[in-house]
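Subject: Structure for you to look over

Dear colleague,

Here is the structure that I promised to pass on, with its sequence. Please have it open while you read, as the notes below go through what was found in it.

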Amino acid sequence: MKIIINGRFLTQNITGVQRFAHEIVKELDKIVKKNEIVILIPKNILFKDLKYKNIEIKKVGILKGHLWEQLELPYYVWRNQGRLLNLCNTAPIINTGIVNICDISPKINPNFFSKKFSIFYKVLYWFITKTSLKILTISNFSKVEIIENYKINPNKINVIHCGWQHMNGVIEDKKILEKLQLKNKEFYLGVSSINPNKNFKYIIELAKLYPEKIFVIVGKLNQKVFGNMDLEKVNNIVWTGYVTDEELKALYKNTLGFIYPSFYEGFGIPPLEALACGCKKVYISNTSCLLEIFEDSVIYLNPYKVENILNETEIIKEENIRKILNKYSWEKSAKKIHEVFGEK
């Protein structure tokens with residue numbers, strides 16, 4: 001039976017969820033046979049120059065967005081007797097196949113999202129957890145939440161972790177340091193989409209606590225998903241907006257420390273990227289899945305209480321960081337997904 005990948009993620013800008021899909025597909029392409037997998041895409045694809053060695057990309061239908069995903073995609077799967085793989089939280093409610101649900105934050109934390117977004121995802125998750133053949137998720141924390149909230153048999157859920165190896169192929173662009181007037185300066189870094197869950201207000205308050213230090217925040221606000229956010233302007237914070245992967249790598253490699261005060265995560269790719277780029281001080285929340293994922297490779301903070309956390313003498317042992325980096329791999333995760341398709 002042919003594996004059909006839901007390619008709607010190729011119409012979206014890359015955040016953590018889309019990163020998972022892109023990297024898994026790249027690794028699957030290395031291990032599958034020719035014509036074993038096809039990616040179906042709607043007409044409004046953003047990544048038009050993508051080419052894979054063994055995976056075919058095929059444009060189908062005239063619709064786009066959720067309508068394409070719920071109508072034209074499952075019809076094609078049914079007509080071609082394929083099995084669908086959905087990598088980015090959403091899936092059709094018929095012919096659902098296998099679906100990756102990174103976390104169920106819209107159900108657990110509806111206040112972090114616009115009302116319309118939260119309601120849609122609550123309904124969608126209820127359906128696809130029931131209609132899917134298998135569920136993938138990116139941490140044991142998320143697996144437990146899915147089981148408890150949707151009464152799912154634990155045997156139906158496979159944990160497939162994220163990775164960091166995509167940063168290996170990125171060549172740092174140090175011009176961003178000059179552009180942001182950071183050359184030869186010490187700074188702390190925060191990276192993520194700007195939404196309430198990521199708790200950037202913590203970094204704002206931390207900047208007030210350390211007025212002599214520079215804080216850089218990389219991220220873009222999606223008002224459709226998260227609504228408006230009123231973030232206070234502080235003199236020692238540099239807001240970059242969107243940066244390229246090359247610019248981001250330069251910031252990771254030159255920061256004094258990376259700060260990730262998120263309230264809730266399914267995995268948390270940015271801290272892993274920071275560690276992979278050589279950052280020796282990664283400060284992250286002691287909440288949700290983060291202790292499970294990062295163990296003793298980071299410095300933990302309380303996201304609900306801003307304190308003097310920036311201890312200049314505290315260093316994480318190199319072997320602790322290396323152990324975590326060795327634990328996670330896009331290649332390992334792609335192989336696990338391929339194995340899931342071989343299960344009855």
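Three words recur below: buried means under 20% relative accessible area, exposed means over 50%, and partly exposed lies in between, with a 1.4 Å probe and protein chains only. Please keep in mind that this is a predicted model, in which local features need pLDDT of at least 70 and side-chain atom pairs count only at pLDDT 80 or more, while totals for chains, interfaces and linings use all residues. Residues are numbered from 1 along each chain as its sequence is written, and side-chain values use heavy atoms, with hydrogens and water left out.

Two loop residues come first. Gln-81, in the loop between α2 and β4 (83-86), is exposed, with a relative accessible area of 64%, and has a positive phi of about 50 degrees although it is not a glycine. Helices (H or I, at least four residues) and strands (E, at least two) are DSSP runs, numbered from the N terminus. Asn-35, found in the loop between α1 (16-31) and β2 (37-41), also has a positive phi, near 70 degrees, without being a glycine, and is exposed with a relative accessible area of 52%.

Turning to the interior, the largest nonpolar core (a set of buried Ala, Val, Leu, Ile, Met, Phe, Trp, Tyr and Cys residues joined through side-chain atoms within 4.5 Å) has 102 residues, and those with the most contacts inside it are Ile-5, Leu-85, Leu-87 and Phe-215. Helix α7 gives the most to this core, with six residues, and apart from it lies another core, of nine residues, among them Ile-4, Leu-40, Val-60 and Leu-73. In α7 (residues 200-209), the buried residues include Phe-200, Tyr-202 and Ile-203, and what covers the buried residues of this helix includes β8 (187-191), β9 (214-218) and β10 (237-241).

A charged residue also deserves a look: what surrounds Glu-72? Leaving aside neighbours within four places in sequence, Glu-72 is in contact (heavy atoms within 4.5 Å) with Val-60, Gly-61, Ile-62, Leu-63 and Leu-67. Glu-72, in helix α2 (residues 65-79), is buried yet has no salt bridge, and the nearest side chain of opposite charge, Lys-43, is 8.1 Å away. Here a salt bridge is a side-chain nitrogen of Lys or Arg within 4 Å of a carboxyl oxygen of Asp or Glu, and Lys and Arg count as positive and Asp and Glu as negative, with His and the chain ends not counted. A polar atom of the Glu-72 side chain does lie 2.9 Å from the backbone nitrogen of Ile-62.

With best wishes

Note on methods. Polar contact = N/O pair within 3.5 Å; in protein donor to acceptor, adjacent residues only side chain to side chain.
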